[in-house]
Amino acid sequence: MEQPRYLILENGQVFQGRPLGAAGQVIAEIVFTTAMTGYLETLTDPSYYGQMVVQAFPLIGNYGVIPADFEAEQPALKGYIVRSWCQVPSNFRSVEDLDTFLLSNGIVGLWDIDTRALVKIIREHGVMNALLTDDPAPDEATMNRLRAYQMEHAVQAVSRTQASEMRAEPAKRRVALWDFGAKKNIAQELIKRGCDVTILPAHATAEEILALKPDGIMLSNGPGDPAENTGIINELKTLCESRVPIFGICLGHQLLALARGGETMKLKYGHRGANQPVQETASGKVYITSQNHGYAVKTGEFLPNHSRMSFQNLNDGTCEGMEYLDIPAFS
């Protein structure tokens, strides 16, 4: 008989389901994504470092595992939760099924629970810590670890350790891509647009970046609390003074705001999915966007000087884009 697996939330609620992927016990911050497709990109997005992800869409795995679609070589998340997974995927590009992929990468998973009920709990309570375990009654020491868990040094855990180059044919520009957990597709999109790309680790200095003489600097996505990256923020202040054009997304957007004197905050349950409505403040035009972030730039009096909010989330009014009026930068 199959051993059950349990999800124990920080607030004491328990879900019993069936094991998926690797065996073991894992503590992480639990979040949900509403995306109906793109589970491979979710599984391999470095921005999910230190988290367990709940897929709100009920059936996952129907097109198998396709390495060409990965956003990183290995998953950075700690746990994975689905309602149902397709055990016989159908896609000519697929190389294996979801369970085999999770097992080979050491990711503890859970399936056959009411993910709709779980998502509603996270939505109302907010993101919290959770435990995936085969033990229905963990000891007090484990529960204390659950309550005390905090994600730390997330950017350093997912950033590359040394610089690398990617070439465009023909090349029109050179872009320095600062890697805080960059998704693979970012560099590929820059190359499509005729940019040679130098990808630099998170510990790179402003001096090292400017020595490349880039036409522009790209600040990547990444995991964790933006405010804990004080070293990166200080280097970014120097880059802003250089007058080299800067563009940031996700964590890069938040770090740029912090470097310019703004503030950030943690969202109740974040924006994770492929259907986030965002309005351009200048034109009123609405875009449906794909997002994965748990923090936001504070608006109103907390915005940096010489800046304006260029995009706003229509669900909660939070800042989704910035333009800087005193330097060549936007995010």
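**Exercise 1. Cysteine sulfurs**

Task: Determine why the sulfur of Cys319 forms no bond with the closest cysteine sulfur.

Solution.
Step 1. The closest cysteine sulfur to that of Cys319 belongs to Cys250 and lies 13 Å away, which is too far for a bond.
Step 2. The criterion for a disulfide is a pair of cysteine sulfur atoms within 2.5 Å. In general terms, a disulfide is a covalent bond between the sulfur atoms of two cysteines.
Step 3. The structure accordingly contains 0 disulfides, and Cys250 takes part in none.
Step 4. The surroundings of the two residues are then compared by relative accessible area (buried: under 20%; exposed: over 50%; partly exposed: in between; 1.4 Å probe, protein chains only). Cys319 is buried at 1%, whereas Cys250 is partly exposed at 22%.

The structure is a predicted model, in which local features need pLDDT of at least 70 and side-chain atom pairs count only at pLDDT 80 or more, while totals for chains, interfaces and linings use all residues. Residues are numbered from 1 along each chain as its sequence is written, and side-chain values use heavy atoms, with hydrogens and water left out.

**Exercise 2. Helices H8 and H9**

Task: Describe how helix H8 and helix H9 pack, and state which residues meet.

Solution.
Step 1. Helices (H or I, at least four residues) and strands (E, at least two) are DSSP runs, numbered from the N terminus. H8 covers residues 230-241 and H9 covers residues 251-259.
Step 2. Two packed helices are described by the angle between their axes and the distance between the axes. Here the angle is about 75° and the axes are 9 Å apart. The axes are lines fitted to C-alpha atoms, for helices over the stretch in contact, and angles run from 0 to 180 degrees between N-to-C directions.
Step 3. Angles under 35 degrees count as roughly parallel, over 145 as roughly antiparallel, 65 to 115 as roughly perpendicular and the rest as oblique. H8 and H9 are therefore roughly perpendicular to each other.
Step 4. Contact requires heavy atoms within 4.5 Å. From H8, Ile232, Ile233, Leu236, Lys237 and Cys240 meet Leu255, Leu256, Leu258 and Ala259 of H9. The residues of this contact comprise 8 nonpolar, no polar and 1 charged. For this count, Ala, Val, Leu, Ile, Met, Phe, Trp, Tyr, Cys and Pro are nonpolar, Asp, Glu, Lys and Arg are charged, and the others, Gly among them, are polar.
Step 5. In H9, 9 of the 9 residues are buried, so this helix is largely enclosed by the rest of the structure. Among the buried residues are His253 and Gln254. After H9 comes Gly261, with a positive phi near 100°.

**Exercise 3. Nonpolar cores**

Task: Identify the residues with the most contacts inside the largest nonpolar core, and place Leu118 and Leu132 by their contacts.

Solution.
Step 1. A nonpolar core is a set of buried Ala, Val, Leu, Ile, Met, Phe, Trp, Tyr and Cys residues joined through side-chain atoms within 4.5 Å.
Step 2. The largest such core has 42 residues, and Leu7, Leu9, Ile30, Met52, Tyr80, Ile81 and Leu118 have the most contacts inside it. Strand S3 (residues 26-33) supplies the largest share, 5 residues.
Step 3. A second, separate core has 32 residues, including Leu255, Leu258, Val297 and Ile327.
Step 4. Leaving aside residues up to four places away in sequence, Leu118 touches Leu7, Leu9, Phe15, Ile30, Val54, Ile81 and Ile113.
Step 5. Leu132, in strand S9 (residues 128-133), is buried at 0% relative accessibility. With the same sequence exclusion, its contacts include Leu7, Met52, Tyr80 and Ile81.

**Exercise 4. Backbone geometry**

Task: Locate the cis peptide bond at Pro170 and the positive phi values of His153 and His306.

Solution.
Step 1. Most residues other than glycine have a negative phi, and most peptide bonds are trans.
Step 2. The bond from Glu169 to Pro170 is cis, with omega near -5°. Pro170 sits in the loop between strand S10 (164-166) and strand S11 (173-178).
Step 3. His153 has a positive phi near 55° and belongs to the loop between helix H4 (140-148) and helix H5 (154-158). His153 is exposed, at 56% relative accessible area.
Step 4. For His306, phi is positive at about 60°. This histidine lies in the loop between strand S16 (286-297) and strand S17 (307-313), and His306 is exposed at 51%.
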